[in-house]
Amino acid sequence: VQLQASGGGLVQAGGSLRLSCVASGSIFSMNDMAWYRQAPGKQRELVALITRGGSSHYAYSVRGRFTISTDNAENTLNLQMNSLKPEDTAVYYCNSHRWATPTTASYDYWGQGTQVTVSS
């Protein structure tokens, strides 16, 4: 599985951005998909998750502002980010988590990251 993220950029506080992550295959029904972010000097943190069953979950800090979604026809994971704050500044990574089966181990695939900068 290869993941290609895009959509980052520079935006003023209160603005919006939409991140996209194109997967190399049809994996959304098998893998959980997520967006993580990592700010300078901080650990990578989970931002939003959508399970293979379609349930979505959000970090408390982005709840009500960010929306995670998938486009199965385009094999694309999206993150709509509204009401952006300077503290949202980070490199954002898309992630695909493959669950273990009786014959294979679990595994995490990562995209290359896209920079989001929110100015005050």
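Start with an open sheet of four strands, paired antiparallel in the order 1-3-8-7. Strand 1 (3–6) and strand 7 (66–71) are the edges: each has a single partner strand, so one side of each is left without a neighbour in the sheet. Step across the sheet and the twist averages 15° from one strand to the next. Keep in mind, as you click around, that this is a predicted model.

**Stop 1: inside the open sheet**

Now select strand 3 (residues 17–23) together with strand 8 (residues 76–81). These two pair in the antiparallel sense, with six bridges between them. For a landmark, pick Leu19 and look across to strand 8, where its bridge partner is Leu79.

**Stop 2: two loops with a twist in the backbone**

Which loop holds Asn75? Asn75 is in the one between strand 7 and strand 8. Its phi is near 50°, which is a positive value in a residue other than glycine. That's worth a pause, because most residues other than glycine have a negative phi. Asn75 counts as buried, at 16% relative accessibility.

Move on to the loop between strand 8 and strand 9, and select Ser83 there. Ser83 isn't a glycine either, and its phi is positive too, at about 50°. Its relative accessibility is 40%, so Ser83 counts as partly exposed.

**Stop 3: strand 9 and its neighbours**

Next, select residues 90–98, which make up strand 9. Is this strand largely enclosed or largely open? Seven of its nine residues are buried, so the rest of the structure largely encloses it.

Bring in the partners one at a time:

- Strand 4 (residues 31–38) pairs with strand 9 in the antiparallel sense over eight bridges. Here Tyr36 has Tyr93 as its bridge partner in strand 9.
- Strand 10 (residues 107–110) is also antiparallel to strand 9, over four bridges. Look for Asn95 standing opposite Trp110 of strand 10.
- Strand 11 (residues 114–119) pairs with strand 9 in the antiparallel sense as well, over three bridges. Tyr92 stands opposite Thr114 of strand 11.

If you show side chains while you're here, expect them to alternate between the two faces of the sheet in a regular strand.

**Stop 4: the rings**

Time to colour the aromatics. How many aromatic pairs does the structure hold? There are two. One is Tyr36 with Trp110: the ring centres are 5.0 Å apart and the planes sit at 65°, so this pair is edge-to-face. Tyr36 belongs to strand 4 and Trp110 to strand 10, so the pair ties together parts that are 74 residues apart in sequence. Tyr36 is partly exposed, at 22% relative accessibility. Trp110 also counts as partly exposed, at 36%.

For the other pair, select Tyr107 and Tyr109. Their ring centres are 4.8 Å apart, with the planes at 65°, so this pair is edge-to-face as well. Tyr107 is partly exposed, with a relative accessible area of 44%. Tyr109 has a relative accessible area of 15%, so it is buried.

**Stop 5: an arginine over two rings**

Select Arg44 and keep Tyr93 and Trp110 on screen. Arg44 lies over the face of Tyr93, 3.8 Å from the ring centre. Its charged end also sits over the ring of Trp110, at 4.6 Å from that ring's centre. You've met both rings' residues already: Tyr93 as the bridge partner of Tyr36, and Trp110 as the residue opposite Asn95.

**Stop 6: a buried arginine**

Finish on Arg37, which is found in strand 4. Is Arg37 buried or exposed? With a relative accessible area of 6%, Arg37 is buried.

What do the side chains around Arg37 offer? Measure out two polar contacts in your viewer:

1. The side chains of Arg37 and Tyr92 are joined by a polar contact of 2.9 Å.
2. The side chain of Arg37 also makes a polar contact with the side chain of Ser61, at 3.4 Å.

To see the wider surroundings, show the residues that Arg37 touches, leaving aside those up to four places away in sequence. Among them are Gln43, Arg44, Glu45, Val47, Val62, Phe66, Glu87, Asp88, Ala90 and Val91. Arg44, the arginine lying over the face of Tyr93, is thus part of this last view, as one of the residues touched by Arg37.

Methods:
Residues numbered from 1 in each chain as written. Predicted model: local features only at pLDDT ≥ 70, side-chain atom pairs only at ≥ 80, totals over all residues. Heavy atoms only, no water. Buried < 20%, exposed > 50% of the residue type's maximum accessible area, 1.4 Å probe, protein only. Pairing = 2+ DSSP bridges. Axes fitted to C-alpha atoms, helices over the stretch in contact; angles between N-to-C directions. Phe/Tyr/Trp six-rings, centres within 6.5 Å; stacked < 30°, edge-to-face > 60°. Lys NZ or Arg CZ within 6 Å of the ring centre and 35° of its normal. Polar contact = N/O pair within 3.5 Å; in protein donor to acceptor, adjacent residues only side chain to side chain. Contact = heavy atoms within 4.5 Å.
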